[in-house]
Amino acid sequence: MLTERASGLSGPVSRWLALLAVAHAVDPQAPVRLLPLLDGDGFYRAWLRFTLATVGLHRDVEVGSLPVEAASTTVRVALGQLAQHAHAFMGQPRACDLADIHRLVRQVLHDAVALLRGDDVALGIVSLQAVSEGTTTSLMGMAGTGPLITTELLSLLAGSVGQAGADVVHELMRTLRAAQAERRALYAENADFELEMARVSLACDDPHEAQRCWERAARYMGAYGGHKDITIEELLDPLPQLMQADPAQARVRLARTQPLVYLVADCTDGRGTAGTPQEWWRFLARLDSRAAAELGAQVLLTEPGLPDARVDAAHRQLLATQADTADPVVLAALRIAAGPGGRSIHQDIALLTRLANLPDEDAARTRRLLPVLANAITSTYDDQTLIAASQGAGEEPTRALRTAAQRCGGEGGPPWAPRPVPDNTSRDWSGPKKRPNTGAYLHAQQRPTLPEGAAGVLAAVRDRSSKAYDSPLGPRWSMDALANAVGWRLLEIIDRHGADAAAQLLHRIADEMSASGPLEVLADVAAGLSLRQDIDPAVFGPLAATAGMLAYTKIRGGGGWRSFAGNDRLELWQQAHTADAAAAVHDLADQVVHAVAEASYSRTIGVSQALVSAFAVHSPDVSQPPAASALACWDAAYGVIAHRLPGRARLGHGAYHPVPGQATQHDIDTALCQLALATIALPERGDKRRALIAATVLLAGRSGQAQVALAHVLSFDLGAAPLTWLLTVLNSHLPDGPLDAALIEQLVTLCGSDMLSVRAEASAILARAGHQPPSPAATAAHPTLAQAIAAALSRTEDSA
């Protein structure tokens, strides 16, 4: 039993507990003599000592040899001692490895807690809460495990109602509920918690609270959290289309989704959803660049020294979103601040080209900043750790990139040798590619013999659907041949049997094919019918719309994860709506009803996204405002998804509140300056160095915007070193004209800082700019400094 291995403990510990009870019955002092053998760190040894301290207390109370109050005090003190060793990863074996004896640990604790009385109940539960918090661990996307998880703690509390009274238990319930709200718990864990709370409430004779707990548990059980549940994308993916239709309302909806994406990441298993907060920040950068830059700077500056993946995602997206519109000097500073993570050959070449095309009178050119910018950008391709270089992280520089850098006066970077192409032959588990057998090859070379009319259409579709994944290529599998076989027979049916028969055949074609079938033929047929629309609009228009909508609703989008094509093939909806709006809307409604009626998750995922995106492009109701139908569909989907995501999201300092009106490019550039300078708060030295280069470039080339951004950055408590570095850069590149008013005000504030280097640099800048720096207020010396001075003076007097 006294081993460092956690496996196989159940049998020995169970026998030890039985023998311990026998030993106590024979000699109550016998267990105490074992205490020196159980000394040591860690929860396991502490629990063994706790067992020795509480063994036999029930029997002693029953026979009257020990007062109930003394037993309660013993248990309370023992629980306090156990709580002091509640560390999941200390000792051998560790508490996180004791799954083999969880049942035994909980049984010993249950027996001991039953002896608590009066005030000892509350104190004992507090100790148990510390044990639960200290020993419970969890992997990403998995519920917590440990010797005493929260639900087991509540079970102990339910059994203590009779000893402590309902009032004490109610207070403990409030404490435990507050602690549960603060921890990151999966919805499944919250459901278990509420069910245990319902049991405690029933034990306290409070059926109304028990009913409320049960209702909360029921909601958590039906909450978001299935494996790879990507339903949240129904709200995110249509936002770019909503932005084109109604920018203000799109930003409002973007703000409404922020709490949901954070809850998805925090309260679900994270499979397929862990990156939703980063994805939301990318959408923010696309839809509201100014807010993305300002919020990103706010997050970094508020928590200096901590990297943030969300801000990093927005930073990179801003480089792409603002590639053509932002001031090239500002964009170059932002690119430098991004470091190796911002590498993109095409974007960097375009940026360097824009810099090279700056006019002669531009400050960046007159101050000879272009070579600095070019060298700083190209150097990021060689600025990476050895392990990243060996794993081939990021893109490699090209001759075009070096040429673009040299146009700006840069060196173009050192000569890079092409990265060797890895040899993966040893990892090719499928073996060499096999030659097809003769039968399969001949089968692929022969076109099928098809009957006339509808039978020929269905036969062609079935034949093409029978193609195996590894079948050899040949005329038989040609999509053009399939489109011709279907299209010409469809025209024949229109001529002989009318448009209704052709429409029915189109639906038969769609029903014949699975998700992996040749569904693209429907889009080809729709295109062919549209070309013949001038012949008879009343016939070919509705048929083209029907074929197009069947293609839009049958072709799967999102790499096969969504049942409707959605954003991937919006042109199908546009073509169908143009051919015949009424028919397109009718067919789309039929397909939505069909998808919902099947009641399958794989059939409904993607439907809302497809509807919102389509209606944002073309409204189904021309009598309403352009985006009204799209917004109504989005709001309906939001209501359902929000109900499945209960709880309070921890947005922190990154909460997004859209501002009415469109931001000017000057405002966006100023926000980009803030984000570039805010990267000085990142923990890596390389990030700080690049931030100082960006500050130097901005102060020299875009002084006005740089001063506004710098005033904002200097208002945060970044520590003595970052503030001093920024002030030193400002002092070295002080503009010729007057300083910005906000910057002057911030410098005056820094003159009163308790950091000597910051105070000195701020005062020097104000003096150089023609302002009188304020004198710092006299303050009492620090006690340690006063004692050191007094001791030094005393020694001087003694030596004299």
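Two residues are in contact when heavy atoms of one lie within 4.5 Å of heavy atoms of the other. This idea serves as a guide through the structure shown above, which is a predicted model.

The confidence of the prediction should be considered at the outset. The mean pLDDT of the protein chain is 88, and 94% of its residues reach 70 or more. Over residues 387–393, however, the pLDDT is below 50. Beyond near neighbours in sequence, this stretch has seven contacts in the model.

Leu734 offers a place to begin. This residue belongs to the loop between helix 38 and helix 39. Its relative accessibility is 13%, and Leu734 counts as buried because that value is under 20%. When residues up to four places away in sequence are not counted, Leu734 touches Leu739, Ile765, Arg768 and Ala769. A distance in sequence may also be set beside a distance in space: Leu734 and Thr175 are 559 residues apart along the sequence, and their C-alpha atoms are 56 Å apart.

Helix 38 and helix 39 also appear in the surroundings of helix 37, which covers residues 703–713. Helix 37 is mostly covered, with eight of its eleven residues buried. These are Ser703, Gln705, Ala706, Gln707, Ala709, Leu710, Ala711 and Val713. Against which helices do the buried residues of helix 37 pack? They pack against helix 16 (289–302), helix 18 (328–338), helix 35 (665–678), helix 36 (685–701), helix 38 (720–732) and helix 39 (741–750).

One residue of helix 37 may be examined in detail, namely Gln705. Gln705 has a relative accessible area of 10% and is therefore buried. Leaving aside its neighbours within four places in sequence, Gln705 is in contact with Val330, His666, Asp669, Thr670 and Cys673.

A second glutamine, Gln591, lies in helix 31, which spans residues 581–597. Is Gln591 buried or exposed? Its relative accessible area is 7%, so Gln591 is buried. Not counting residues up to four places away in sequence, Gln591 touches His507, Leu550, Thr553, Lys554 and Phe564.

The description now turns from residues to the spaces between them. The largest pocket has a volume of about 480 Å³. Its lining consists of 27 residues, of which Asp288, Ser289, Arg290, Ala291 and Ala663 lie nearest its centre. Helix 15 (276–287), helix 16 and helix 35 each supply at least two residues of this lining. Helix 16 gives the most, with six residues. By chemical character, the lining of the largest pocket divides into eleven nonpolar, eleven polar and five charged residues.

Enclosed space is a separate matter. How many cavities of 30 Å³ or more does a search of the whole structure find? The search finds one. About 60 Å³ of space lies in the largest cavity. This cavity is lined by Leu319, Ala323, Leu331, Arg335, Gly342, Gln347, Asp348 and Leu351. The elements that give two or more residues to this lining are helix 18 and helix 19 (345–356). Helix 19 provides the largest share, three residues. The lining of the largest cavity comprises four nonpolar, two polar and two charged residues.

Helix 18 thus links two parts of this account, because helices are numbered from the N terminus and the number denotes one element throughout. The buried residues of helix 37 pack against helix 18, and helix 18 also gives residues to the lining of the largest cavity.

Key:
Residues are numbered from 1 along each chain as its sequence is written. This is a predicted model: local features need pLDDT of at least 70, side-chain atom pairs count only at pLDDT 80 or more; totals for chains, interfaces and linings use all residues. Side-chain values use heavy atoms; hydrogens and water are left out. Buried means under 20% relative accessible area, exposed over 50%, partly exposed in between (1.4 Å probe, protein chains only). Helices (H or I, at least four residues) and strands (E, at least two) are DSSP runs, numbered from the N terminus. On a 1 Å grid over the protein atoms alone, a cavity is a set of points where a 1.4 Å probe fits but cannot get out, and a pocket is an open set with protein on both sides within 12 Å along at least five of seven lines; lining residues have an atom within 4 Å of a point. Grid points are joined across faces, edges and corners, and a volume is the space filled by probe spheres set on the points. Ala, Val, Leu, Ile, Met, Phe, Trp, Tyr, Cys and Pro count as nonpolar, Asp, Glu, Lys and Arg as charged, and the others, Gly among them, as polar. pLDDT is the predictor's confidence in each residue, from 0 to 100.
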